[in-house]
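This report covers the nonpolar cores, an annotated binding site and the domain arrangement. The sequence and the structure are shown first.

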Amino acid sequence: NDTALSPLLHNLNPEQLVAVTLPAEHALILAGAGSGKTRVLTTRIAWLLQNGYVSPGGILAVTFTNKAAKEMKTRLSAMLPVNVNGMWIGTFHGLCNRFLRAHYKNAGLPQAFQILDTQDQLSAIKRLCKQHNIDGERFPPKQMGWFIGNCKEEGLRPKDVVASDPDTRKKVEIYQLYEDQCQREGVVDFGELMLRSYELLRDNTAIREHYQRRFRHILIDEFQDTNKLQYAWIKMIAGQGSDGLLNGGGGSVLAVGDDDQSIYAFRGARVGNMTDFVREFAVQRQIKLEENYRSYSNILDSANALISHNSRRLGKNLRTAQGAGEPVRVYEAPSDFLEAQWMVDEMKQLIRDDVERKEIAVLYRSNAQSRVIETTLFNAAIPYRVYGGQRFFERKEIKDALAYLRILENPNDDTSFLRVVNFPARGIGARSLELLQDEAKATGCSLHDAVSTLTGRPGALIAGFVAKLDVLREQTADKTLKDIVTLMLDQSGLLEHYRNDREGEDRIENLDELVNAAESFVMQEGFGREAPGMAQLASAPNALTQSPASQGLSGDALNAAPDEFGDTGETLSPLQAFLTHAALEAGDNMAAAGQDAIQLMTVHSSKGLEFDCVFITGMEEGLFPHENSLSDRDGLEEERRLAYVAITRARKRLYLSHSQTRMLHGQTRFNLKSRFFDELPEECLKYLTPKQQPMPAGGGFGGSWGNGYATNSGAGRAYSTGATASFGTYSAPQKEVARKEDPTGLQKGQKVFHAKFGEGTVLTLEGAGDDARAQINFPRHGTKWLALSVAKLTPVP
Ligand code: ATP
Ligand code: MG
């Protein structure tokens, strides 16, 4: 059997080979970026399967993003004829969701429980606070969301939180109310997926032991970013640790990580889990991989030099056999707008040189930076794709449509009910809904079930809504997912609503895209094109797919309960699976899916990925490192790890850029270049613009602003005014960015004409000179940001 895989094993270096072919024992791979950690993890799964050391059902593999999970499955199926869709490969959230679907009864959840994303959670908390007259100033819903999330990540239920002061006691009370509400409505948030899975494993011996027997090999990528609860979950499922519940009969854990890439401390990630793991699992073997296969040495040396400024490191080396490659290019722009312009010009050249657009990535520290880049790309007609930000599944009309689908799936989903009961408008007033909510609260039932208690016209209207959906639910029971979505869009009145809306065109496009999304989801997930709505799904027969009996269930009392222990990948209806997908993977800009497009994302979401060409933009004090981190050493070290992650994404060419001025939150800010530049080896860099002089001792913002840029607004000169020598940024008073000689002569409220978008109205004006931008509402195309130096606008009298 070994020979069949030998081409695979031949492509590994000796350390990687050792890691791939380890015996069944706990092990840690601690290695730097691009050293093949993820490749080792994937190849090991293939190797274990190929040699019959484990069945596909005996593997549990945890990745950090859905994108990574998808990639792992693709690579595995390229290596082996295995049904990867049935395998337990996914993110913690994805896997916990699947686990809870399989054991919904034991977990105390309805079969069709829905997942609240962060926004849904926020509106659920708002609703609750209103109902219970909770002071929104003192307990802002957003902060309550964080509080609840943090508690859950620590594994704390309301009763477990130690509340010593009245404020905390109140918060705990709200937490409890929130829990009750979620339970009543049959919904769970992200934290709950994880915590409830953990509790179920902890409290249910039969289930726990089943999974401990089942998963012979547990593999975890990006282990440095696991939090406390996730680590506890791993211990539980691997039957390892000191909790007295653990029989030592669990599988082997292979943890893979890089302490230098730990970038989620702010969300509770604990690098300490790596050392705890070695101790608590009595890890005998720690493997280091020191050869980087991703980047040329100018890029790698820059990354190594940078990270060497961090003090708390576990320590490891990284080298590359590839040559020096091109130097790292450094660019200084007068404004963020010109930075984007330069970048787009550079991209055009790359594209002319035959670089694929998807091999070009733009990374930024904060989401807010993307807008100016998007506008510039848009104006240059270069397709791009944004990861994060305003995501497809988070757009209003999509969320409305999903709410309808969720009610079809679960009539008791009150959050969705309230979202669309009067949208499109059906004359149902806030007062009637309050009555309905009171009634539901009094009887402890869902809004759907409380409808019959309402009388009069309001009751009739709401009952009409409910009846309509009940009918639709029956109509769609045996339909394909695509047909369900199409019928829903029609019957709900959503399409008609937006057809009559002057600004509805984009929204209709998005709703159409939802139908496409549904169709391609069904195809990609291997549900089979004609899979009926609620029927059981046949999984593709496959030599390597194991029947439940061969997954260690035979001769076991548990075997008698296929419902309980069946593989949920096969019992979710396409609609349920699609809704789950929408909630979990709200990270994809579907409109551009599949198209060769420039990749835009935050540094955080670039983890684990690689691209031929990478632009890291906004390398400025206050932005990167972020201003919140400047005062604290741990914070600064985390920023440096982020920069390390960003730099190590590049294979061939890396650009680092910074801008003297930047428009953020409606203010022009004057930024110093990032301190991280001073930590890079000069010999690896190439300055595309004259290098900024070092700051003169004793103050001033450096004397090099007049380095040849024509900023006709004069905004760049504002430095002489009151700037102090301290690091960081300062916000110039608005008047200093005066729009005195604005050549466009535009005004707020003015009507303008654009060749592509037609007539529109100016909503906002920002910046000046080359940097001037306007936000314009075009009735037929929605609101756009346009750069005035590029966009051809004619004032309409
Ligand atoms: P990160 O820390 O960024 O997640 P990683 O350690 O997981 O990186 P991989 O993504 O697995 O690294 O590998 C980096 C690149 O190097 C990939 O393109 C991979 O295919 C390639 N690679 C890994 N090992 C080898 C090898 N032995 N020979 C050739 N290429 C390799
Ligand atoms: Mg990786």
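## Nonpolar cores

In this predicted model, the largest nonpolar core holds 124 residues. The members that touch the most other members are Ile29, Ile45, Ala61, Ile218, Ile220, Ile237 and Ala401. Helix H16, residues 396-409, gives the largest share of this core, with eight residues. A second core, separate from that one, has 67 residues, among them Phe611, Met619, Phe676 and Cys684. In soluble globular proteins, nonpolar side chains tend to be buried together.

Beyond residues up to four places away in sequence, Ile29 touches Ala19, Lys37, Val40, Val256, Ile287 and Leu289.

## Annotated binding site

An unreviewed UniProt entry lists a "binding site" made up of Ala31, Gly32, Ala33, Gly34, Ser35, Gly36, Lys37 and Thr38. Two of the listed positions, Ala31 and Gly36, are described here.

Ala31 lies in the loop between strand E1 (27-30) and helix H3 (37-50). Ala31 counts as buried because 26 other C-beta atoms lie within 10 Å, where the cut-off for a buried residue is 20 or more. With neighbours within four places in sequence left aside, Ala31 is in contact with Lys37, Asp258, Lys288, Leu289 and Lys316. Lys37, one of these contacts, is itself listed in the UniProt record for the site.

Gly36 is also placed in the loop between E1 and H3. With 23 other C-beta atoms within 10 Å, Gly36 is buried as well. Its contacts, not counting residues up to four places away in sequence, are Gln16, Leu289 and Tyr293. Leu289 thus appears among the contacts of Ile29, of Ala31 and of Gly36.

## Domains and the contact between domains 1 and 4

The chain is divided into domain 1 (2-104 + 194-289), domain 2 (114-185), domain 3 (298-391 + 592-737), domain 4 (393-536 + 571-584) and domain 5 (751-795).

The centres of domain 1 and domain 4, taken over C-alpha atoms, are 37 Å apart. Six residues from domain 1 and five residues from domain 4 take part in the contact. On the side of domain 1 that touches domain 4, helix H5 (residues 92-102) supplies the largest share, four residues. By class, that side of domain 1 has five polar residues, one charged residue and no nonpolar residues.

Conventions: Residues numbered from 1 in each chain as written. Chains lettered and ligands numbered in written order. Predicted model: local features only at pLDDT ≥ 70, side-chain atom pairs only at ≥ 80, totals over all residues. Core = buried A, V, L, I, M, F, W, Y, C linked by C-beta atoms within 7 Å. Buried ≥ 20, exposed ≤ 12 C-beta atoms within 10 Å, placed from the backbone. Helix = DSSP H or I, 4+ residues; strand = E, 2+ residues; numbered from the N terminus. Contact = placed C-beta atoms within 7 Å. UniProt positions renumbered as here; feature names shortened; annotations may be inferred. Domains from an automatic or database assignment. Nonpolar A, V, L, I, M, F, W, Y, C, P; charged D, E, K, R; others polar.
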